[in-house]
Amino acid sequence: MAVTKGRFAVAAAGALLMLGTGVASAQAGSAAPSTPRFASQAESARLTSAQTTALQADVDRYLKKMGGTQVALNKIDLKGKGQILVALPGEDRPRDFASGNGTRMAADPCRTGPVSGIFCAYQRDNYQGTRIDMVVCNRRYYVSTWGAGGSWINDQTRNTAGREAKMYNPSGRLVYTTPPPYSSDPHGDWNPVRFVIPCR
């Protein structure tokens with residue numbers, strides 16, 4: 001598929017992203033919702049057992065591929081390299097389980113001012129679904145199975161050289177370079193993209 005201006009690509013439904021060239025295994029401390037802390041978040045949000053299990057399964061897939069530490073029912077801290085907020089299956093945006101009662105949507109730094117300094121990648125069109133916040137330059141954020149659709153916002157520092165994100169296919173060939181910040185694409189296609197380098 002040719003990449004056209006304003007379009008890009010990411011790859012199928014439980015897409016998994018990893019940072020850098022090495023993939024850390026999931027931390028031993030990456031807790032499942034059966035731990036008291038995460039169980040209470042699920043209970044406070046009135047999630048069903050099926051919802052909790054499905055959400056944790058998605059989080060576990062990201063942890064296995066990317067490492068990091070699960071710090072809330074749906075949130076993975078990538079140790080200074082960004083974060084992943086996993087949307088509950090069937091919902092448009094990730095919830096805020098970390099600081100609220102789990103009934104409100106999590107804040108999106110790329111969609112609310114001031115400048116966040118982040119490149120935000122979204123699993124689905126219109127800035128919906130699971131979100132990955134990419135914050136480290138010259139890092140490869142690997143994407144594998146998000147599939148067709150998706151969106152992104154380049155909300156990195158304005159008027160600074162090298163803040164165009166670059167997207168590469170599995171062969172390492174550049175397939176798309178975003179405009180400098182602020183820029184965005186609500187209707188993309190992650191299929192041809194293997195990894196993203198948000199800035200240099």
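This report describes the fold, the salt bridges, the disulfides and some backbone features of a predicted protein model.

## Overall fold

The secondary structure of this predicted model comes to two helices and 12 strands. Read along the sequence, the elements follow the pattern β-α-α-β-β-β-β-β-β-β-β-β-β-β, with a strand at the start, the two helices after that strand, and strands from there to the end of the pattern.

The protein has 200 residues, of which 49% are buried. Among contacts between residues at least 6 apart in sequence, 71% join residues at least 24 apart. The accessible surface comes to about 9100 Å², and carbon and sulfur atoms account for 51% of that surface.

## Salt bridges

The structure holds six salt bridges, and three of them can be described through their side chains and their surroundings. Arg95 and Glu91 meet in a salt bridge with an N to O distance of 2.5 Å, and both Arg95 and Glu91 are buried. A further salt bridge joins the side chains of Arg131 and Asp133, at 2.7 Å from N to O, and here too Arg131 and Asp133 are both buried.

The salt bridge of Arg104 and Asp96, at 3.5 Å from N to O, brings together two residues with unlike exposure classes. Arg104 has a relative accessible area of 47% and is therefore partly exposed, whereas Asp96, at 13% relative accessibility, falls under the 20% cut-off and so counts as buried.

## Disulfides

The structure holds two disulfides, and, with bonded cysteines counted along the chain, they follow the pattern 1-2, 3-4. Cys110 and Cys120 form one of these links, with their sulfur atoms 2.1 Å apart, and with 80° about the S-S bond the link is right-handed. Cys110 lies in the loop between β4 (82-85) and β5 (118-124), while Cys120 belongs to strand β5, so the pair ties together parts that are 10 residues apart in sequence. Both Cys110 and Cys120 are buried.

Cys137 and Cys199 form a disulfide as well, with their sulfur atoms 1.9 Å apart. The torsion about the S-S bond of Cys137 and Cys199 is about -105°, so this disulfide is left-handed. The pair links distant parts of the chain, 62 residues apart, since Cys137 is placed in the loop between β6 (128-134) and β7 (141-143) and Cys199 in the segment after β12 (195-197). The two cysteines fall into separate exposure classes: Cys137 counts as partly exposed at 25% relative accessibility, whereas Cys199 has a relative accessible area of 4% and is buried.

## The loops around strand β11

Pro181 and Tyr182 are joined by a cis peptide bond, with omega at about -5°, and Tyr182 lies in the loop between β10 (174-177) and β11. Most peptide bonds are trans.

Pro186 is found in the loop between β11 (183-185) and β12, and its relative accessible area of 27% makes the residue partly exposed. Leaving aside neighbours within four places in sequence, Pro186 is in contact with Asp125, Asn126, Tyr127, Gly150 and Ser151. Pro186 and Tyr122 are 64 residues apart in sequence, and their C-alpha atoms are 9.2 Å apart in space.

## Asparagines with positive phi

Most residues other than glycine have a negative phi. Asn138 has a phi near 55°, a positive value in a residue other than glycine, and Asn159 likewise has a positive phi, of about 55°, although it is not a glycine.

Asn138 lies in the loop between β6 and β7, the loop that also holds Cys137 of the left-handed disulfide. With 58% relative accessibility, Asn138 is over the 50% cut-off and therefore counts as exposed. Asn159 is found in the loop between β8 (151-155) and β9 (166-168), and with a relative accessible area of 82% Asn159 is exposed too.

Definitions and conventions: Residues are numbered from 1 along each chain as its sequence is written. This is a predicted model: local features need pLDDT of at least 70, side-chain atom pairs count only at pLDDT 80 or more; totals for chains, interfaces and linings use all residues. Side-chain values use heavy atoms; hydrogens and water are left out. Helices (H or I, at least four residues) and strands (E, at least two) are DSSP runs, numbered from the N terminus. Buried means under 20% relative accessible area, exposed over 50%, partly exposed in between (1.4 Å probe, protein chains only). Contact means heavy atoms within 4.5 Å. Accessible areas come from the Shrake-Rupley method with a 1.4 Å probe; for residues, only the protein chains shown count as cover. A salt bridge is a side-chain nitrogen of Lys or Arg within 4 Å of a carboxyl oxygen of Asp or Glu. A disulfide is a pair of cysteine sulfur atoms within 2.5 Å.
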